[in-house]
Each structure stands twice: as C-alpha cells, then as structure tokens.
Amino acid sequence: MKRIELAKHYRVAENKKFKLSDINPADTWKLKSKEHAREWLDEGVARMADLQAKLYAQNQWALLLIFQAMDAAGKDGTIKHVMSGVNPQGCEVFSFKAPSARELDHDFLWRTNRCLPERGRIGIFNRSYYEEVLVVRVHREFLQRQNLPPSLVTNNLWKERFEDINACERYLTRNGIVIRKFFLHLSKVEQKQRLLARLEEPDKNWKFSVPDIQERARWNDYQRVYQEVLRNTATDFAPWYVVPADHKWFARLVVAEVVLEALESLNLQYPAVGPAKRKELAQVRKSLEAENA
Ligand code: ATP
Ligand code: MG
C-alpha cells in the first residue's frame, strides 16, 4: 500500500458530475482497524514536523488547509491530531463563525483574506468562505444581512460566487500559497450517535448546541449544497478531499497523508549557505574557540 494512493483516492478535482453519495462515510479504504493506522499516523506526524521546519526555514511557500463539515464531524479533533507534531510558531488556526456586523459590511472574502498564511507558514481555516455558498445558501435569509445591492442578487449569485472563489484560489496558488480543502464526510446516523453522546456524557455536555439540531433537520439540503460546492470548486490547483469521517482515526490518517503529500510535492530544502556566509561562519567559529572562557 502506497501512502500516496490513499491521498489520491479521496481527491476530487474538476468533476462536474461528482456524486457525494458515491463516497461511503464509513469507508476505511484497505485498512481494517485503528491499530493498522496508528503506526502510519505516528510516522506521518514525525515526517510532517521535519517538512514544516524546512517550509519555515525556506520561507517561500505557504500551505492553506481548509476544513468544512457538518457539526460533530470531528474538525477540531482532526486538526489537533494531525498538527500535533508541528511547531506552533509556524502554524495558525482560524475558526470562522457567523459573521459580525463589521464583517458583514465587507465583501465575502474579506475576513478570511486577512487571515491567510505568510510564506513559510501553515494556515488552517476551521470553516471558511465556503460557508458563503453553504449555510448562506441553505438559509437564504442570511444573504439579506449582507446588504448587497439588489441588482447584484440574481439567479447567478451562487455561480458567480463559485467563479470568484476559484479565481481567488488560483491567484493565491500563483502567489505560492498551496491550497488543500477537506470535507469531512459524516453519515447522518453517526452524527446522531455523536450528538447523543454530547447529551449523555457530562464531559461532553458543553459541546452540545441546540442550533446543531436545527441544522441537522436540513441534512439533505446541506448534502445537496456540499455536492454543488464540490462540483464547482474542485480544481487541479485547489483540490477538495472528501474524507470519510465516521471513523475518526481514518479521517485523521487521510488528512495527514494529504498534508504530507502536499508538503513533499514542494521539494523543500533548508536554504543553502553560500561561500561568503560559510567564510563568515568559519571566522566566528575561530574567534569563539579562541575565547578563554
Ligand atoms: P464546534 O461546534 O465544533 O465548536 P463549529 O465550527 O460548528 O464548531 P459553531 O460556533 O458551533 O462552530 O458554529 C459556527 C456557525 O457559524 C456554523 O453554524 C456556521 O454555519 C456559521 N457560519 C460560519 N460562517 C458563516 C457565514 N459566512 N455566514 C453565516 N454563518 C456562518
Ligand atoms: Mg457547531
């Protein structure tokens, strides 16, 4: 089993006919159990730390990881596990909730654009501008709050937003920001189990939120708009990965593999030291060694 195969298996790029129902949320590829994945994941996390150190030192590329999912799909846990080995200095996570009044007064890419990763860094979006073609599409009333000029709100609005997102992602890619997008694909049955656990286990009560139940009632609408998003915004330069998420260990493994593959594709190296710098280092070394102390 090649790891690169695993990352490729769930990749969606340029596919107008993509069907979400073709991917089973309980899939675990060729792996039978958590134990099979553990060693693989541990090794991956260690390799990621090494690649991130090079990414940071080289200071040329940046990596943007976007996470979208239904509630309780495990975005937080996946981010925590996959990034557990990386240096916090080179990595930043942003969570995007319902927009504030100030954010609503700007174009829809404004608030996320301010949080893009610098060169050498890994940026993680826990939800993102994709909410603008997901929750805002399911709850049309949210669009009202954006106060767009009425003449611009036409039947083409979602198509135009897809175009703008694709154009923005192409622009970022051309500026050295590598983008990987993850949809953690959970089944409705497994969401029910996880929401029940939040109600039953005292340590999980804090995670329970009533709006999650209201969103659950719109399950089919969300699946439909997610499929539309995947069909229209999966591109060669910024692919989506539909990650089966009913088994948390498996989702974590797939995400780790995709991140590794992305970093490995950049052929990262520590910056080479030129002759002048080497000479300087040799001189400093000599004077340090000559010290009495
Ligand atoms: P968790 O529940 O695991 O803590 P979460 O990402 O679900 O994490 P919440 O605070 O529960 O965080 O929910 C954030 C809510 O904000 C989601 O329902 C999401 O749809 C909503 N949201 C995010 N971006 C937008 C947006 N641009 N417009 C409207 N609603 C948005
Ligand atoms: Mg939530």
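## The second largest pocket

In this predicted model, the second largest pocket encloses a volume of about 280 Å³. Seventeen residues would be a lot to list, so start at the middle: of the 17 that line this pocket, L104, H106, D107, F108 and Q146 are the closest to its centre.

Three helices, α4 (101-104), α5 (110-113) and α8 (157-174), each contribute at least two residues to the lining of the second largest pocket. By residue type, that lining divides into 7 nonpolar, 3 polar and 7 charged.

## Helix α8

One of those contributors, α8, is worth a look along its length. The helix has 18 residues and spans 26 Å from first C-alpha to last, close to the 26 Å expected at 1.5 Å a residue. Just after α8 comes G176, with a positive phi near 90°.

Which residues of α8 are buried? They are L157, W158, R161, F162, I165, N166, C168, E169 and L172. These buried residues pack against β2, α5, α6, α7 (141-144), β5 (177-185) and α11.

## The largest pocket

Now for the largest pocket, which holds about 1400 Å³ of space. It is lined by 49 residues, with D71, A72, K75, R127 and D212 the closest to its centre. Two or more lining residues come from each of β2 (62-69), α3 (75-82), α6 (135-138), α9 (188-200), α10 (210-216), α11 (219-233) and α12 (248-264).

Of these elements, α3 gives the largest share of the lining, 6 residues. The lining of the largest pocket is made up of 18 nonpolar, 12 polar and 19 charged residues.

Conventions. Residues numbered from 1 in each chain as written. Chains lettered and ligands numbered in written order. Predicted model: local features only at pLDDT ≥ 70, side-chain atom pairs only at ≥ 80, totals over all residues. Heavy atoms only, no water. 1 Å grid on protein atoms, 1.4 Å probe; cavity = no way out; pocket = protein on both sides within 12 Å on 5 of 7 lines; lining within 4 Å. Points joined across faces, edges and corners; volume = space filled by probe spheres on them. Helix = DSSP H or I, 4+ residues; strand = E, 2+ residues; numbered from the N terminus. Nonpolar A, V, L, I, M, F, W, Y, C, P; charged D, E, K, R; others polar. Expected span 1.5 Å × (residues − 1). Buried < 20%, exposed > 50% of the residue type's maximum accessible area, 1.4 Å probe, protein only. Contact = heavy atoms within 4.5 Å.
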